[in-house]
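The exercises below are meant to be worked through with the model open beside the text. Each one sets a task and then gives a solution that goes step by step.

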Amino acid sequence: MPSLDRPDPVIMNHVLAEHSDLFQLVSRAKTAFADTGRPLAKRREFAVATIESLRAHLHEHFTQEEQGGFLEEAVTRIPRLGHRMEEILKQHPALLAELDRLTAALADSRLIEADWLKIGRQFAAFVDHLQAHERSENAVVQEGYNEDLGLGDD
Ligand SMILES: [Fe+2]
Ligand SMILES: [Fe+2]
């Protein structure tokens, strides 16, 4: 049980490190869709592999957050952040479902070049959603610790 009377920068750093690991995987998947030169079948294969590995990592990350890791810790310190955190955690299934739809679309063997571009745009939209999600988590954690230190706005 961590001490509640003193903010822990280690926890904050861990959240940030986890999020930066995720974005390594996101960048790799982005390069998959930037490829327009290789045969479509090869590109599909690589895109599916990168999305699957991103999904596995993301699922693990979400589970850790939901099972009361760092985010819960921030809310324990500042209970009024609880509602916002709940709203953020509710986004997890939708984010995973977005990735599943992309994998399913890529599995279609009748895929043509126009579909590939469309899936690429859908992946870019997913990245925006994930980034917004992680930013709001970082903000809640940051706010929790700042307020604990007496640096909050109210
Ligand atoms: Fe999350
Ligand atoms: Fe997260």
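**Exercise 1. Find which residues coordinate the iron ion (ligand 1), and describe the geometry of its site.**

Solution. In this predicted model, the iron ion (ligand 1) is coordinated by Glu65 through OE, His92 through NE2, His133 through NE2 and Glu137 through OE, at 1.8 to 2.2 Å. The next step is to place these donors along the chain, where their spacing reads E-x26-H-x40-H-x3-E. The short interval at the end of that pattern can be followed into helix α6 (residues 113-148), since histidine 133 and glutamate 137 both lie there, four residues apart, about one turn of the helix. An α-helix has 3.6 residues a turn, so residues three or four places apart point the same way. Both histidine 133 and glutamate 137 are buried.

For the geometry, the angles among the four donor atoms run from 85 to 176 degrees, and the site is irregular. The upper end of that range can be set against the tetrahedral class, because four donors count as tetrahedral only if all angles lie between 85 and 135 degrees.

**Exercise 2. Identify the protein donors of the iron ion (ligand 2), and state which residue bridges it to the iron ion (ligand 1).**

Solution. The iron ion (ligand 2) has as its protein donors His19 (NE2), His61 (NE2), Glu65 (OE), Glu134 (OE) and Glu137 (OE), which lie 2.0 to 2.3 Å from it. Along the sequence, these donor residues follow the spacing H-x41-H-x3-E-x68-E-x2-E.

The residue to single out is glutamate 65, which bridges the iron ion (ligand 2) and the iron ion (ligand 1), the two ions being 3.3 Å apart. Glutamate 65 shares helix α2 (residues 40-66) with histidine 61, and the two are four residues apart, about one turn of the helix. Turning to accessibility, histidine 61 is buried, with a relative accessible area of 4%, and glutamate 65 likewise counts as buried, at 6% relative accessibility.

**Exercise 3. Work out where histidine 92 sits and what surrounds it.**

Solution. Histidine 92 belongs to helix α5, and with a relative accessible area of 1% it is buried. When residues up to four places away in sequence are set aside, histidine 92 touches Phe62, Glu65, Glu66, His133 and Glu137. Among these neighbours, Glu65, His133 and Glu137 are also donors to the iron ion (ligand 1), as is His92 itself. With glutamate 66 there is in addition a polar contact, made side chain to side chain at 2.5 Å.

**Exercise 4. Check the length of helix α5, and determine how its buried residues are arranged about the axis.**

Solution. Begin with the length: helix α5 (residues 92-106) has 15 residues, so at 1.5 Å a residue it should span 21 Å, and the 22 Å between its end C-alpha atoms agrees with this. Next, list the buried positions of α5, which are His92, Leu95, Leu96, Glu98, Leu99, Leu102, Thr103 and Leu106. Seen down the axis of α5, these buried residues fall within an arc of 150 degrees, and they therefore line one face of the helix. On the other side of α5, the exposed residues are Pro93, Arg101 and Ala104.

**Exercise 5. Contrast isoleucine 51 with glutamate 45: which is buried and which is exposed?**

Solution. Start from helix α2, whose 27 residues reach 38 Å from first C-alpha to last, close to the 39 Å expected at 1.5 Å a residue. Isoleucine 51 lies in this helix and is buried, its relative accessible area being 0%. Leaving aside neighbours within four places in sequence, isoleucine 51 is in contact with Phe33, Leu99, Leu102, Thr103, Leu106 and Phe123. Several of these partners, including Leu99, Leu102, Thr103 and Leu106, appear among the buried residues of α5.

Glutamate 45 is likewise in helix α2, but at 55% relative accessibility it counts as exposed. The C-alpha atoms of glutamate 45 and leucine 106 are nevertheless 8.4 Å apart in space, with their positions 61 residues apart in sequence.

**Exercise 6. Summarise the protein as a whole: how many helices and strands does it have, and what percentage of its residues count as buried?**

Solution. The protein has six helices and zero strands. Of its 154 residues, 37% count as buried. Finally, among contacts with a separation of 6 or more, 82% are between residues 24 or more positions apart.

Methods:
Residues are numbered from 1 along each chain as its sequence is written. Chains are lettered from A and ligands numbered from 1 in the order in which they are written. This is a predicted model: local features need pLDDT of at least 70, side-chain atom pairs count only at pLDDT 80 or more; totals for chains, interfaces and linings use all residues. Side-chain values use heavy atoms; hydrogens and water are left out. Donors are N, O and S atoms within 2.8 Å of the metal (3.2 Å for Na, K and Ca); water is not among the atoms, so sites may look incomplete. Four donors count as tetrahedral if all angles lie between 85 and 135 degrees; four count as square planar and six as octahedral if opposite donors are over 155 degrees apart and all others between 65 and 115; anything else is irregular. Buried means under 20% relative accessible area, exposed over 50%, partly exposed in between (1.4 Å probe, protein chains only). The expected span of a helix is 1.5 Å times one less than its number of residues. The arc is that of the directions from the helix axis to the C-beta atoms. A polar contact is a pair of N or O atoms within 3.5 Å; within protein, one must be able to donate a hydrogen and the other to accept it, and residues adjacent in sequence count only if both atoms are side-chain atoms. Contact means heavy atoms within 4.5 Å.
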